[in-house]
Amino acid sequence: MKDIDFARNEITVRDGKGEQDRLTMLPRALKDPLARQIAAVRRLHEEDLKRGHGAVYLPYALERKYKNAAKDFIWQYLFPSDKLSVDPRSGKIRRHHASEQSVQRAVKTALRKAGVRKNGACHAFRHSFATHLLKDGYDIRTVQELLGDKDIRTTMIHTHVLNKGGRGVRSPLDA
């Protein structure tokens, strides 16, 4: 929860590509649905606390440093698992985040229901995000930073769909 900043319209992505943290934008269109999701997670968290649970795994020994932080709402997952499970690291019963597999299955189901007849996966959203930013005129360095790519050549892969020539540049005469 602590990584969503509604006032600044930012999301902090933790341990993303290359185990780096980075900032990305929070779309205005997602503010209301995210606020509803946060309210639902708050209710779930309160129920978990009443049942003697409600703690999450904290990285980098933060649980030892801040004794009650694991039960603090700001550390809860935005998309928690449907069920509690035993944390293999500590043996404690916790609610983890939704699994990657469940998100991948949901995307596949949505594609099928939408009548899309091509294979698709969550990673396609990353490419779509980059391509749309480039189409909207954002510079390649900004896109590189938002994606967390260390090498600009990795980001340049997305320019091939722009039909602007080999370097992703359009002639000013064609504007």
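By class, 28 nonpolar, eight polar and nine charged residues make up the lining of the largest pocket. Here Ala, Val, Leu, Ile, Met, Phe, Trp, Tyr, Cys and Pro count as nonpolar, Asp, Glu, Lys and Arg as charged, and the others, Gly among them, as polar.

A quick word on what you're looking at: this is a predicted model, where local features need pLDDT of at least 70 and side-chain atom pairs count only at pLDDT 80 or more, while totals for chains, interfaces and linings use all residues. Residues are numbered from 1 along each chain as its sequence is written, and side-chain values use heavy atoms, with hydrogens and water left out.

**The empty spaces**

Both kinds of space are found on a 1 Å grid over the protein atoms alone: a cavity is a set of points where a 1.4 Å probe fits but cannot get out, a pocket is an open set with protein on both sides within 12 Å along at least five of seven lines, and lining residues have an atom within 4 Å of a point. Grid points are joined across faces, edges and corners, and a volume is the space filled by probe spheres set on the points.

| Space | Volume | Nonpolar | Polar | Charged |
|---|---|---|---|---|
| Largest pocket | about 2200 Å³ | 28 residues | eight residues | nine residues |
| Largest cavity | about 60 Å³ | five residues | three residues | two residues |

Of the 45 residues lining the largest pocket, I11, T12, V13, R14 and F79 sit closest to its centre. Helix 4 gives the most to that lining, with four residues; strand 2 (10-13) and strand 3 (22-25) are among the elements that supply at least two each. Helices (H or I, at least four residues) and strands (E, at least two) are DSSP runs, numbered from the N terminus.

**The sheet**

Those two strands belong to an open sheet of three strands, ordered 1-2-3 with antiparallel pairing. Strand 1 (4-5) and strand 3 are the edges, each pairing on one side only. Two strands pair if DSSP finds at least two bridges between them; strand 2 and strand 3 have four. I11 has T24 of strand 3 as its bridge partner.

**The cavity and D48**

The count is one cavity of 30 Å³ or more. Its lining includes V41, L44, H45 and D48. So is D48 buried or exposed? D48 counts as buried because its relative accessibility is 3% (buried is under 20%, exposed over 50%, partly exposed in between, with a 1.4 Å probe and protein chains only). D48 lies in helix 1 and, leaving aside neighbours within four places in sequence, is in contact (heavy atoms within 4.5 Å) with H53, G54, L84 and R95. R95 is also part of the cavity lining.
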